[in-house]
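Visitor: I should like to learn how the terms used for a protein structure are justified. May we look at one together?

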Amino acid sequence: MFDLFSIGIGPSSSHTVGPMRAARRFVTELRERGMLAETSRLRARLYGSLSATGCGHGSDVAVLLGLCGEQPEFVDVASIPDRVASIRSGRMLALDGVHEVPFIEHTDLQLRTGESLPLHPNGMSFTAFAVGESAILERNYYSVGGGFIVDEMGGDSLPQDEVPYPFASAVELLALASKYDRPISAIVLGNEQTWRTTRDIEAGLDEIWRAMSDCVRAGMAVGGTLPGGLGVRRRAAALYRRLSSLDPTDDEPRWMDWVMLYALAVNEQNAAGGRIVTAPTNGAAGIIPAVLHYYSRFVTGADEEGVRRFLLTAAAIGALFKSGASISGAEAGCQAEVGSACAMAAAGLTEVLGGTPEQVENAAEIAVEHNLGLTCDPVGGLVQIPCIERNAVAAIKAITAARLAMNSDGRHRVSLDQAIATVRETGADMSEKYKETALGGLAVNVPLC
């Protein structure tokens, strides 16, 4: 639950959050092994998608901060530009925040374009050298989506303890819900209680919702142009002012405009490198907050407990995508990011609208089915075009999927498991140029000047 929904920074969970965590993990190992003091130089290399779109996604900045010991959950976002400028001008890096070594970025942080490590497109390597240029520690890491880090042994940050309600498919999840006569949110809650008390889980869920709400508010308050050179205008603030000025007694339904606003606000904050909640990734981070705001504002009887149940249910669906397919755009295209987030949001909304577990599964399937084949082709390697608008469209699609499911009995021809398998197979067949490399699609058909 708290791995799928983690608080970090933009613009990308796989290209920003993941590399920062990997870099920090490397210097932490140096410290724990007693090697930090003898390190005289350090080299980082980014491969595959990280090298192709790393600068546009902030991977270079993330690595510098991670090597300094920063964590995406706690780094002071406002201080980042000055800190990075200082590192670059002074050509010195404080490893783990305490041990300074020379660092010349164009030689010590290499983008190995056209090269890949074997396990995943988002590969990176770190090497520490002692005096005399002898390597004392070298590690490879993979950022597999959503900020998750996998090392060469395949280990990541997910807890592996035995849980009371294990499931690896939607069929198994529905069987558990039927056997114990519980909603999907209760199944997930029971598993989360393996690691945390109920009070801690509720507090953590409330913190996630606050962070999402803060991100929406921040996005609605800032205008101007997004960084990166594309000249993309921030639209959320102007849209918020326009919607707020309308006559509240007007009979015309405005919920769709508000939902699009919420998604735009989040993804503009993400593109600007602001504080964000991976849900389950940064590139798709606006969908779940937008649909949650729809629930809290436009659904009669919405309350804090409903928000918690929404997030718990969404987490179940996100876990199925992560284990059964992917949540990484570099691995399976945007169907893995926006598609999974859309399914998660549709499932969460269906549960809090009173849907049965079968209707929840149906809503998730509808949502992802109509995102199959979606490519990841960011213009300029930035998480802006088409990413920002794509979140707004997918938020509406999630609500539509929930409504369709609520108006059926949950029986349907295509299962969620079949749809997730299709995401995996389609991603494997998809050309690499459509998987977050900025080598195809809009990325090559939209001129940058």
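Visitor: Which residue stands opposite Tyr142 in E8?

Guide: The residue opposite Tyr142 is Val150 of E8. Please keep in mind that this is a predicted model.

Visitor: What makes E7 and E8 a pair of strands?

Guide: Two strands pair if at least two bridges are found between them. Strand E7 (residues 135-143) and E8 have three bridges, in the antiparallel sense, and therefore they count as paired. Ser143 also takes part, with Ile149 in E8 as its bridge partner. The two strands form a hairpin with five residues between them, where Gly145 has a positive phi near 110 degrees.

Visitor: How do you know that E6 and E7 are paired?

Guide: The test is again at least two bridges. E6 and E7 share seven bridges in the antiparallel sense, so the pairing is established. Within it, Phe126 stands opposite Arg139 in E7. Five residues lie between the strands of this hairpin, and Gly132 in the turn has a positive phi of about 95 degrees.

Visitor: Why are E5 and E8 called edge strands?

Guide: The sheet is an open one of five strands, in the order E5-E2-E6-E7-E8, with mixed pairing. Strand E5 (109-112) and strand E8 (149-151) are its edge strands, as each pairs on one side only. On average, neighbouring strands of this sheet are turned by 25 degrees against each other, direction ignored.

Visitor: Which strands does helix H2 lie across?

Guide: Helix H2 (residues 48-57) lies across strand E2 (41-47), E5 and strand E6 (123-129), and runs at about 95 degrees to E2. Helix H3 (residues 59-67) packs on the sheet as well, touching E2, E5 and E6. The direction of H3 makes about 145 degrees with that of E2.

Visitor: What does the UniProt record list for residues 1-152?

Guide: An unreviewed UniProt entry lists residues 1-152 as "domain: Serine dehydratase beta chain". Over residues 1-152 the chain is 36% helix and 27% strand, and the end C-alpha atoms are 24 Å apart.

Visitor: Why is the space of about 150 Å³ called a cavity?

Guide: A cavity is a set of points where a 1.4 Å probe fits but cannot get out. The structure holds one cavity of 30 Å³ or more. About 150 Å³ of space lies in the largest cavity, and it bears that name because the probe cannot get out. Its lining has 21 residues, of which Gly283, Glu337, Cys376, Val383 and Cys387 lie nearest its centre. H1, helix H14 (334-352) and helix H16 (387-406) are the elements that give two or more residues to this lining. By class, the lining of the largest cavity divides into nine nonpolar, eight polar and four charged residues.

Visitor: What makes the space of about 580 Å³ a pocket instead?

Guide: A pocket is an open set of points with protein on both sides within 12 Å along at least five of seven lines. The space of about 580 Å³ is classed as the second largest pocket, which means that the set is open. This pocket is lined by 22 residues, and those nearest its centre are Phe2, Ser6, Ile7, Arg21 and Glu73. Helix H1 (13-32) and helix H8 (198-221) are the elements that give two or more residues to the lining. H1 gives the most, with four residues. The lining of the second largest pocket has eight nonpolar, seven polar and seven charged residues.

Visitor: Where are the cis peptide bonds of Pro11 and Pro386 found?

Guide: Gly10 and Pro11 are joined by a cis peptide bond with omega of about 10 degrees, and Pro11 is in the loop between strand E1 (7-9) and H1. The bond from Ile385 to Pro386 is also cis, with omega near 10 degrees. Pro386 lies in the loop between helix H15 (357-369) and H16. Most peptide bonds are trans.

Visitor: What makes the phi of Asp96 worth a remark?

Guide: Most residues other than glycine have a negative phi. Asp96 has a positive phi, near 55 degrees, and is a residue other than glycine. Asp96 is in the loop between strand E3 (92-95) and strand E4 (99-102).

Terms used: Residues numbered from 1 in each chain as written. Predicted model: local features only at pLDDT ≥ 70, side-chain atom pairs only at ≥ 80, totals over all residues. Heavy atoms only, no water. 1 Å grid on protein atoms, 1.4 Å probe; cavity = no way out; pocket = protein on both sides within 12 Å on 5 of 7 lines; lining within 4 Å. Points joined across faces, edges and corners; volume = space filled by probe spheres on them. Nonpolar A, V, L, I, M, F, W, Y, C, P; charged D, E, K, R; others polar. UniProt positions renumbered as here; feature names shortened; annotations may be inferred. Axes fitted to C-alpha atoms, helices over the stretch in contact; angles between N-to-C directions. Contact = heavy atoms within 4.5 Å.
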